[in-house]
Number of protein chains: 2
Amino acid sequence: MTRRQVLGAAAAGAVGAVLGGIAGPLIVPPLLGTGSAPEGSSNVYPFLGPHQAGIATPVQDHLHFAAFDMADGATRADVETLLRDWSYAAFRMTQGLAVSATGAVDGDPQVPPDDTGEALDLPVSGLTVTIGLGAGLFEKGGVDRFGLGDRRPPALERLPPFVGDALKTDWSHGDLCLQVCADDPQVAVHAVRNLARIAFGRAAIRWSQMGFGRTSKTTTAQQTPRNLMGFKDGTNNILAEDRAALDEFVWVADRDQPAWLAGGSYLVVRKIEMLIEAWDRVRLAEQETIFGRTKRAGAPLSGGGEFTVPDFGAHAGDAPVIDGAAHVRLAHPSNNGGTRILRRGYNYVDGNNPYGRLDAGLLFISYQRSIEQFVALQKALSSDLLNEYIRHVGSAVFVVPRGASAGGFVGETLFG
Amino acid sequence: MTRRQVLGAAAAGAVGAVLGGIAGPLIVPPLLGTGSAPEGSSNVYPFLGPHQAGIATPVQDHLHFAAFDMADGATRADVETLLRDWSYAAFRMTQGLAVSATGAVDGDPQVPPDDTGEALDLPVSGLTVTIGLGAGLFEKGGVDRFGLGDRRPPALERLPPFVGDALKTDWSHGDLCLQVCADDPQVAVHAVRNLARIAFGRAAIRWSQMGFGRTSKTTTAQQTPRNLMGFKDGTNNILAEDRAALDEFVWVADRDQPAWLAGGSYLVVRKIEMLIEAWDRVRLAEQETIFGRTKRAGAPLSGGGEFTVPDFGAHAGDAPVIDGAAHVRLAHPSNNGGTRILRRGYNYVDGNNPYGRLDAGLLFISYQRSIEQFVALQKALSSDLLNEYIRHVGSAVFVVPRGASAGGFVGETLFG
């Protein structure tokens, strides 16, 4: 279904009720995140529902991530209306509609179009828009700018310093974020651009990042992709089909605090630069030792195939088959009290640095029920052999509220 | 066919003869650039032949463009062996093979792999690698570094200044270039990275640019895509099926000078920043006046559909229906002595600037039989209404030699 066809359907009344506000008649599948839809550009994911799309829904091929800061002098009403306006526009775009009823070409020719138009006639491409709230929304520089301080999730703190951190504020933090994913980058860029336009005067982009070639699988139907080091990544990721793991490790539960965040999740995003040229000069055997897996199949060095459970006790003579500081060992749930996270990262290439080296790496994105899960895992990686070849240059944490209800908006429970 | 399957075919001898050099037995279709292959990730384009692929072959969805400078102290032999090594690796990769016979995982585990591995198991994705030679190869700072000065195409000069130029040397020039296109960005990045690695010590990346969402169609089967201003772009492009136009406007003819460039073309690449937020505040009617076309259908304002020939004489009262400074009028062949070029540009988004605005635009790429075609057209655009919303920040010109012959390499005629 192209955008034009969906617009036709809208004109015929099928989703016409969304005009003027997110309203009820749209049929929302009872459960998000359980699909293993085949990859393809006609995928459409529901925007309304208990959880925001873009977390447990199948990971798409392209990302445009943008962190925003609220404008100086912005008010609590600005925050609320922005979240409402974003939700309305995101709902429309993710369902294949233009950003407003008049869109790119159906408005008064004597005013600027509501929609910028570069996604006209493109398929929906599985677009998801996931909205996050940063610590700055609750308190910044000791000031509770929006009267939301008492709503602050206690766990929403800046992350502690980690080994390998070389963080730049230009690539860190933000009062709000949009994780926009689609199977076509033009569709993702169109969404970020139009949402940034809607925010004008209330919030502006602080940093943003394009990504491609997802580095994780989120459904059993997807192949495990490779990161820019050439290794399969995300073999043991939490999958959309694993409802129990999602409930245990990803979704904030009704009994967790704060109550307004139930059904939501914590988002960690880290821009991880790879020292590509140094890595490329590492011997194959050493590369495999560092990861603890084979490069070809992604199988643990202790044997088997990609999905074989690593045998961390296996020895060859005195030496462990999987090095004591191998990435797979340090990151594995069995060495971290069973802790897991849902990863949803993307590769990036930002051209090259002045020395002619690729400016490239991984925009790591993970979702977890509590920040502590990420902190514990990242601390466990402090002696990771991989650290010699990577550098964390950006970092941000957001809370991602539950999905919008019919007639509501993302973040509505924050103001309730 | 995945890379692995092609490797299997290679092992079985079908293309085994390429190991050790680009050799003869591979069947090369007699004509490149005539296909209108459906978009899809299994496309494979021949590397050998009368013309390099990536010009008249169907335009893919993603681009990684890289300009290189030869190292200080590099010799003529370095240039020749680099072009030979690049051709060998590009041949292999475009046919779905790893960069060498041992590739990412089949070499001695005690040495670094020849291939970086991130494209393992990915489909060929229509990969093309198009190699260009910059003016610096023939003369730089008055010095003929490589004894190639007498081979310099007289037309290979820096472009004259144009209205709207705000060129930065960081985004301009280069002794060599690689235009790498594929339907999967990871496949394109993999090719640039491995070719940069092969160049190590001889040449290094000077500037590079990722692009997406091609802005031109090059076959009748492709839809006309939209640029980031939301307008269809490339409606009147030269198509692969139009052999006569390719011969007249794109390929350097046998009778042209220099003779070693016959079958090649001139490549112009311009990084054109769009003042996105300013453009988005322009009234729809004014946007259409600026382009001279409707936003929805891309039809000329004088009437008809996208492919209707504009009627530049049409008037409404005293005023021309298509403004005297509309983009379509100034750029149209009928107002430029019939001159045409083959466009093959891509949209880009490089994050945002410090003011929260998208750093985005068009990496304009065109191929033409002579630089004069581009210069004349660009001069004609000096009063273009569009100029208020764009800024040319990068510029480079290259000659693109004919395709490699069996057993030869791209650029072989330069050394003959």
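A residue counts as buried if 20 or more other C-beta atoms lie within 10 Å of its own, as exposed if 12 or fewer do, and as partly exposed in between. Keep that scale in mind while looking at this structure, which is a predicted model.

**First stop: a loop residue in chain B**

Select Asp121(B), which sits in the loop between helix H2 (76–94) and strand E2 (128–134) of chain B. Asp121(B) has 16 other C-beta atoms within 10 Å, so it is partly exposed. Its backbone deserves a look as well, since Asp121(B) has a positive phi of about 75 degrees although it is not a glycine.

Move next to His173(B), in the loop between E2 and strand E3 (176–182) of chain B. His173(B) also has a positive phi, of about 65 degrees, without being a glycine. Is His173(B) buried or exposed? With 22 other C-beta atoms within 10 Å, His173(B) is buried.

**Second stop: helix H2 of chain A**

Now select residues 76–94 of chain A, which form helix H2 with its 19 residues. At 1.5 Å a residue the helix should span 27 Å, and the distance between its end C-alpha atoms is 27 Å, which agrees. Colour the buried residues of H2(A), among them Val79(A), Leu82(A), Leu83(A), Trp86(A) and Phe91(A). What lies over the buried residues of H2(A) includes strand E1 (62–70), strand E2 (128–134), H3 and E4 of chain A. Just after H2(A), step to Gly96(A), where phi is positive at about 90 degrees.

**Third stop: strand E2 of chain A**

From the helix, go to E2(A), a strand that is mostly covered, with seven of its seven residues buried. Turn the view to see its two faces: Thr128(A), Thr130(A), Gly132(A) and Gly134(A) are on one side, while Val129(A), Ile131(A) and Leu133(A) are on the other, and all of these are buried. E2(A) pairs in the antiparallel sense with strand E3 (residues 176–182) of chain A over six bridges, and it pairs in the antiparallel sense with strand E11 (residues 390–400) of chain A over two bridges. Leu133(A) is a useful residue to label here, as it stands opposite Leu176(A) in E3(A) and opposite Val399(A) in E11(A).

**Fourth stop: the nonpolar core**

Which residues touch the most other members of the largest nonpolar core? They are Ala188(A) and Ala188(B), in a core of 218 residues. Select Ala188(B) and show what surrounds it: leaving out residues up to four places away in sequence, Ala188(B) touches His62(B), Leu63(B), His64(B), Leu127(B), Val180(B), Cys181(B) and Ala182(B).

**Fifth stop: where the two chains meet**

Show both chains together, and find the 45 residues of chain A that are in contact with 45 residues of chain B. Helix H3 (185–199), strand E4 (203–212), helix H5 (276–280), helix H6 (284–291) and strand E9 (346–352) of chain A each supply at least two residues of the side that touches chain B. Of the elements on that side, E4(A) gives the most, with eight residues. Coloured by class, the side of chain A that touches chain B has 21 nonpolar, 13 polar and eleven charged residues.

Chain A can be laid on chain B with an RMSD of 0.0 Å by a turn of 180 degrees and a shift of 0.0 Å along the axis. That is the relation of a two-fold axis. To find the axis in the viewer, select Asp350(A), which of the residues of chain A comes closest to it, at 3.5 Å (C-alpha). Because 100% of the interface residues of chain A are also interface residues in chain B, the copies meet through the same surface.

**Last stop: prolines and two more loops**

In the loop between helix H4 (243–249) and strand E5 (265–274) of chain A, select Pro258(A). The peptide bond from Gln257(A) to Pro258(A) is cis, with omega near -10 degrees. In chain B, the peptide bond from Gln257(B) to Pro258(B) is likewise cis, with omega near -5 degrees.

End in chain B with Ser405(B), in the loop between strand E11 (390–400) and helix H9 (412–415). Leaving aside neighbours within four places in sequence, Ser405(B) is in contact with Leu48(B) and Glu412(B). Asn387(B), in the loop between helix H8 (371–380) and E11 of chain B, is in contact with Val163(B) and Gly164(B), again leaving aside neighbours within four places in sequence.

Technical notes. Residues numbered from 1 in each chain as written. Chains lettered and ligands numbered in written order. Predicted model: local features only at pLDDT ≥ 70, side-chain atom pairs only at ≥ 80, totals over all residues. Contact = placed C-beta atoms within 7 Å. Helix = DSSP H or I, 4+ residues; strand = E, 2+ residues; numbered from the N terminus. Nonpolar A, V, L, I, M, F, W, Y, C, P; charged D, E, K, R; others polar. Least-squares fit on C-alpha atoms with pLDDT ≥ 70 in both. Core = buried A, V, L, I, M, F, W, Y, C linked by C-beta atoms within 7 Å. Expected span 1.5 Å × (residues − 1). Pairing = 2+ DSSP bridges.
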